Amino acid sequence: MTESPTVAPVGPELLRVEGLVKKFPGVVALGGVSFDLHAGEVHVLLGENGAGKSTLIKCLAGVYQPDGGQVVVDGRRVSITTSARAEALGIATIHQEFNLVPQLSIAENVLLGRQPRKLGLVDKRRMYAEARVAMAWVGLDLDPRTPVAGLGVARQQLVEIAKALSLDARVLILDEPTAALTDAEVDRLLELMDELRAHGVGLIFISHHLDEIRRIGDRVTVLRDGNSVGTVPASTSTDELVRMMVGRSIEQQYPRERGDAGDELLRVEHLTSHGRFDDISLSVRAGEVVGIAGLVGAGRTEVLRAIFGADAYDAGSVAVRGKTLPRHDVQAAIGAGLGLVPEDRKAQGLVLGASVGENLGLVALGRATKRGIVNRRWLWQLAADTVDDLSIRTPNTQVLVKNLSGGNQQKVVMGKWLSADPAVLLLDEPTRGVDVGARVEIYQLVNKLTSSGRGVLMVSSDLPEVLGMCDRILVMAQGRIVGELTHQEATQDAVMALVVKDVEPTRVN
Ligand SMILES: Nc1ncnc2c1ncn2[C@@H]1O[C@H](COP(=O)(O)OP(=O)(O)OP(=O)(O)O)[C@@H](O)[C@H]1O
Ligand SMILES: [Mg+2]
């Protein structure tokens with residue numbers, strides 16, 4: 001244990017955790033974690049996927065009861081038995097998984113359980129007015145009556161943040177709030193956090209992005225395998241932080257191994273879906289990683305979904321190895337050798353109530369079935385191998401996916417498609433929420449795919465990732481491809497110049 005070369009915290013102590021323990025069947029999620037939060041401080045929790053970050057904050061939010069240790073708020077030992085108790089203590093939490101009610105409007109979600117009332121009835125006018133204030137803070141420029149169900153991941157995240165802010169908390173906990181946001185939205189959120197800090201709020205911030213941590217953080221407590229390794233200033237070097245996190249240093253962040261491109265595997269021609277994207281043509285060859293860069297809302301996810309047959313389109317064609325696919329037919333796409341790792345893993349990528357093994361075997365089921373008989377042994381072995389290959393942190397393959405940490409769920413989605421052995425894998429934000437070590441593992445899998453003659457088409461908002469891993473980069477803006485760059489030509493500036501060229505200034509910021 002390295003004890004802190006500490007930076008002096010600014011204000012008085014708001015909250016302290018001492019030797020916190022939380023166990024689940026087969027897992028010690030927290031083995032004795034300690035840290036303290038002061039007023040006017042952004043305290044970062046950093047650690048690999050499954051290190052215990054979300055579990056720790058769930059203990060502070062009244063979701064889980066710890067099995068040992070103590071929580072001290074304002075110098076008094078407390079037990080936070082419910083989320084209402086947490087709120088009463090001034091602790092508001094934005095969880096990694098959304099807690100929104102899809103059927104309700106934005107305003108109803110923001111003020112859930114706290115709607116202003118008049119004569120016993122919800123005072124809708126005041127509710128919309130109050131919601132508008134919270135929405136303005138996060139820059140959510142929509143009608144507060146809009147149902148949450150239709151919003152994309154990024155906007156749902158903003159609703160979550162607005163909800164927590166409207167609680168007026170003294171301690172604000174944010175569990176990977178930036179994972180689904182665009183750069184401009186991240187900037188806005190970090191500014192907001194800065195304002196709150198200036199007002200004496202204490203913030204606990206979880207992120208896998210070291211640049212964000214450095215921009216906004218004051219101190220960092222590193223967790224490893226459920227233990228606090230130490231608390232250090234946020235200015236600590238990347239190498240040192242990574243070493244504390246994973247117990248070793250990482251040689252190369254983007255270990256792309258490029259080879260020669262082979263035969264064309266995927267060809268998309270003039271693909272058009274009115275109002276969503278227009279005249280998209282692209283190809284992916286064996287051994288290639290093709291990236292699609294652009295702002296959220298540029299239509300990238302929609303294009304991937306149409307190629308995969310998950311959505312219909314109006315015109316154009318998709319062919320795999322020269323064979324044209326029927327429109328809107330996922331089974332045909334899978335049969336032809338396509339796989340899609342979707343952006344919204346919870347809604348589209350996983351069966352949360354099923355086990356890790358079952359999820360991993362889902363797409364490979366066809367390959368495991370001969371004359372109507374499923375070879376279960378082969379499937380479980382495949383699942384066990386995938387867990388090893390991807391270092392998925394789980395006691396065994398029988399564990400339900402919903403009990404895995406966020407980043408490990410992402411690896412299961414990835415693993416599911418790898419075990420199906422696709423010719424072309426479509427990846428939508430493949431490393432969102434994935435820790436620095438696991439990212440490199442995912443990149444190595446991408447290398448493995450391409451070196452064995454497969455192709456990858458990848459949408460990512462993480463520009464360094466696109467630049468580091470893709471061989472060719474297509475830039476999309478407002479539903480159209482506005483440019484193509486080879487990896488030699490592609491720089492952050494070159495991509496951004498294409499992205500903003502066509503976009504009205506109001507859309508950029
Ligand atoms: N409800 C649960 N039941 C069983 N195991 C759980 C449960 N919740 C968490 N775990 C396990 O506890 C460990 C810590 O998980 P946690 O979600 O706290 O990790 P994390 O640090 O937030 O990771 P990530 O960066 O992936 O979000 C993991 O091994 C996870 O599988
Ligand atoms: Mg987590």
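What volume does the second largest pocket have? Hold that thought while you load the model, which is a predicted one. The answer is about 920 Å³.

**Stop 1: the second largest pocket**

Start by selecting H209, D211, R439, D462 and P464, the lining residues that lie nearest the centre of this pocket. They belong to a lining of 40 residues. To bring up more of the walls, show α6 (183-198), α7 (210-216), α8 (238-246), α16 (436-451), α17 (463-469) and α18 (492-501), the elements that each give two or more residues to the lining.

Now colour by domain. Domain 1 (1-90 + 169-249) and domain 3 (264-337 + 422-508) each supply at least three residues to the lining of this pocket. Switch to colouring by residue class, and the lining splits into 14 nonpolar, 13 polar and 13 charged residues.

**Stop 2: ligand 1**

Next, select ligand 1 and the shell of 20 residues around it. Which of them come nearest? Pick out G50, K53, T55, S405 and G407.

Zoom in on the oxygen atoms of the ligand and go through some polar contacts:

- G50: a polar backbone atom here is 2.7 Å from an oxygen of ligand 1.
- A51: one of its backbone N or O atoms lies 3.2 Å from a ligand oxygen.
- H208: this time look at the side chain, where an N or O atom is 3.0 Å from an oxygen of ligand 1.

Turn on a surface for the protein. On its own, ligand 1 has 640 Å² of accessible area, and the protein covers 90% of that. For the secondary structure around it, highlight β2 (27-38), α1 (53-60) and α15 (406-419), the elements with two or more residues in the shell. Of the shell's residues, α1 gives the largest share, three. By class, the shell holds six nonpolar, eleven polar and three charged residues.

**Stop 3: the second largest cavity**

Back out to the whole structure, where a search finds two cavities of 30 Å³ or more. Our last stop is the second largest of them, with about 30 Å³ of space.

Which residues line the second largest cavity? Select V138, L158, I161, E185, R188, L189 and L192. Two elements, α5 (153-165) and α6, give two or more residues each to this lining. Helix α6 gives the most, with four residues. You've met α6 already, as one of the elements lining the second largest pocket.

Put the domain colours back on: the cavity lining draws at least three residues from domain 1 (1-90 + 169-249) and at least three from domain 2 (99-168). Finish with the class colours, which show five nonpolar residues, no polar ones and two charged ones.

Technical notes:
Residues are numbered from 1 along each chain as its sequence is written. Chains are lettered from A and ligands numbered from 1 in the order in which they are written. This is a predicted model: local features need pLDDT of at least 70, side-chain atom pairs count only at pLDDT 80 or more; totals for chains, interfaces and linings use all residues. Side-chain values use heavy atoms; hydrogens and water are left out. A residue is near a molecule or strand if one of its heavy atoms lies within 4 Å of it. A polar contact is a pair of N or O atoms within 3.5 Å; within protein, one must be able to donate a hydrogen and the other to accept it, and residues adjacent in sequence count only if both atoms are side-chain atoms. Accessible areas come from the Shrake-Rupley method with a 1.4 Å probe; for residues, only the protein chains shown count as cover. Ala, Val, Leu, Ile, Met, Phe, Trp, Tyr, Cys and Pro count as nonpolar, Asp, Glu, Lys and Arg as charged, and the others, Gly among them, as polar. On a 1 Å grid over the protein atoms alone, a cavity is a set of points where a 1.4 Å probe fits but cannot get out, and a pocket is an open set with protein on both sides within 12 Å along at least five of seven lines; lining residues have an atom within 4 Å of a point. Grid points are joined across faces, edges and corners, and a volume is the space filled by probe spheres set on the points. Domain bounds come from an automatic or database domain assignment.
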